[in-house]
Amino acid sequence: MGRPATLRIRGVRPHLAPYTENVSAASDTLAESAGRQPSVGTSRRPARRLEVAAIKSDFPVLDRQEGDDLVFLDSAASSQKPIAVIEAMDHYYRTSHANVHRGVYRLAEQATNLYEAARSKVGRFVGASDPSREIVFTKNATEALNLAVRSWGRANLRQGDAVLLTEIEHHANLVPWLMLAEEIGVELRYLRVMSDGELDLSQLEQKMTGARVVSFTLCSNVLGTLVPVEPIVSAARAAGATVIADGAQFVPHMRTNVRELGIDMLAFTGHKMLGPTGVGVLWGKAEVLESMPPFLGGGEMISDVRLDGFTPAELPLKFEAGTPPIAEAIGLGAAVDYLDGLGMEAVRAHELQLVEYAMRRLAEDHGDRLKIHGPQDPERRGGVLSMELEGVHAHDLSQVLDSRGVCIRAGHHCAKPLMRCLRVGATARASLYVYNDESDVDALSAALSEASAFFGLR
Ligand SMILES: Cc1ncc(COP(=O)(O)O)c(C=O)c1O
């Protein structure tokens with residue numbers, strides 16, 4: 001095999017300020033809260049402070065003017081991309097592109113090495129024991145969840161078997177199960193969401209009794225709720241149930257270690273974690289993936305094909321039918337390098353401080369006219385703020401904010417059952433990431449004041 005091409009990439013700089021009292025406090029409190037929720041993106045190491053001004057300069061799109069400066073607060077839908085990711089993909093296409101796992105010429109070997117190096121990086125990022133077998137590249141988190149549900153579900157579930165989900169799931173972790181329920185008649189049970197945005201775990205053991213699998217999001221894309229993993233995993237282990245986690249809103253923001261979490265499969269998506277669109281990941285314990293049949297059939301995923309049958313390839317290729325997202329996986333590898341450079345503890349500490357600031361600032365400026373859904377304790381949530389401004393529809397609000405250059409997401413956030421539980425049709429969701437700082441929150445609050453004035457509410 002040839003050696004991987006050397007990538008010369010700008011923008012992978014550790015944008016970190018020295019450790020400060022303040023941030024250490026945030027990180028320590030976070031670690032304490034891990035008492036209630038162990039192994040969730042925390043460690044005892046003090047987190048350093050992110051240098052957001054320097055980070056912003058790594059994201060070319062943030063220079064864009066929308067009349068005002070662009071204030072991007074929609075990273076929960078899709079994050080922006082640093083130069084490092086853009087250049088990694090550009091460099092790959094300029095110097096090293098060929099199809100992977102096929103050619104025996106040097107260029108093809110180089111492309112294969114770069115693709116497999118990305119797999120290793122992504123695996124290390126989530127603490128996989130054997131990235132070369134346990135990391136499957138998919139199109140996105142949705143495809144990763146469909147793979148898990150259809151392959152594992154069809155092989156292991158029979159009519160009447162119980163599947164435990166929650167009311168806060170994104171459609172990506174709901175519709176595949178509904179499809180399976182239609183196909184083979186499994187029973188879907190749900191952990192309820194309470195009015196404070198937390199899951200009601202009082203019936204956890206009862207609902208887990210007899211369940212063959214539990215599948216849940218680690219962080220709600222609507223409420224920001226950080227789901228308490230430990231009690232759910234413990235109950236699942238006691239019941240002998242398989243555990244599937246949707247990490248789409250978690251992996252980009254929190255230190256993730258699949259072994260510490262104690263789960264069996266984890267789905268996440270590249271474009272929400274500074275990587276490109278078109279690539280997602282299913283991590284699975286090797287023995288779990290081994291036991292699952294292929295999901296899609298075609299080239300790449302076989303070791304032999306005859307006219308009367310086929311033999312699937314070894315892991316992970318048995319789940320990667322057809323030409324994979326090569327440049328996208330390489331871009332995701334560069335995104336992981338960038339996040340590693342920042343340090344995931346520092347990323348979490350930064351977001352926690354920013355959420356604290358945002359909740360305080362928005363309450364001061366807008367009082368009872370603005371409702372923020374989900375847990376009111378910032379430590380119980382990720383960087384998602386789903387808002388309702390009294391008397392203003394979320395779409396109207398989003399349009400007025402856009403006129404000030406502030407990008408937020410309005411709608412049902414692909415979580416219609418949850419919206420029904422909340423008794424709202426739509427919310428206006430602002431979401432925070434590594435390139436946001438207090439000035440972005442201030443711009444959001446000022447734009448909300450303008451919207452209030454525009455709609456005659458003050
Ligand atoms: C919690 C959650 N799960 C899954 C997804 C699906 O991600 P993708 O659209 O990249 O497949 C999303 C996207 O918003 C999400 O927020």
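Visitor: How do the residues of the shell around the ligand divide into nonpolar, polar and charged?

Guide: This is a predicted model, so read the shell as a prediction too. The split around the ligand is 4 nonpolar, 9 polar and 1 charged.

Visitor: And which of the 14 residues around the ligand come nearest?

Guide: Those are Asn140, Thr142, Asn221, Ala248 and Thr269.

Visitor: Let's turn to the backbone. What should I expect from phi and from peptide bonds in general?

Guide: Phi is negative for most residues other than glycine, and the trans form is what most peptide bonds adopt. Here, though, the bond joining Leu315 and Pro316 is cis, with omega at about -5°.

Visitor: Where is Pro316 found?

Guide: Look in the loop between strand S14 (309–312) and helix H12 (326–342).

Visitor: What about phi at Leu274?

Guide: Leu274 isn't a glycine, yet its phi is positive, about 75°. You'll find Leu274 in the loop that runs between strand S11 (265–269) and strand S12 (280–284).

Visitor: Is Leu274 buried or exposed?

Guide: Count the C-beta neighbours inside 10 Å: 20 or more makes a residue buried. Leu274 has 28 of them, so it counts as buried.

Visitor: What is phi at Glu300, and where is that residue placed?

Guide: Glu300 has a positive phi of about 75°, and it isn't a glycine either. Its loop lies between helix H11 (286–290) and strand S13 (302–306).

Visitor: How many other C-beta atoms lie within 10 Å of Glu300?

Guide: There are 18, so Glu300 is partly exposed.

Technical notes
Residues numbered from 1 in each chain as written. Predicted model: local features only at pLDDT ≥ 70, side-chain atom pairs only at ≥ 80, totals over all residues. Near = placed C-beta within 6 Å. Nonpolar A, V, L, I, M, F, W, Y, C, P; charged D, E, K, R; others polar. Helix = DSSP H or I, 4+ residues; strand = E, 2+ residues; numbered from the N terminus. Buried ≥ 20, exposed ≤ 12 C-beta atoms within 10 Å, placed from the backbone.
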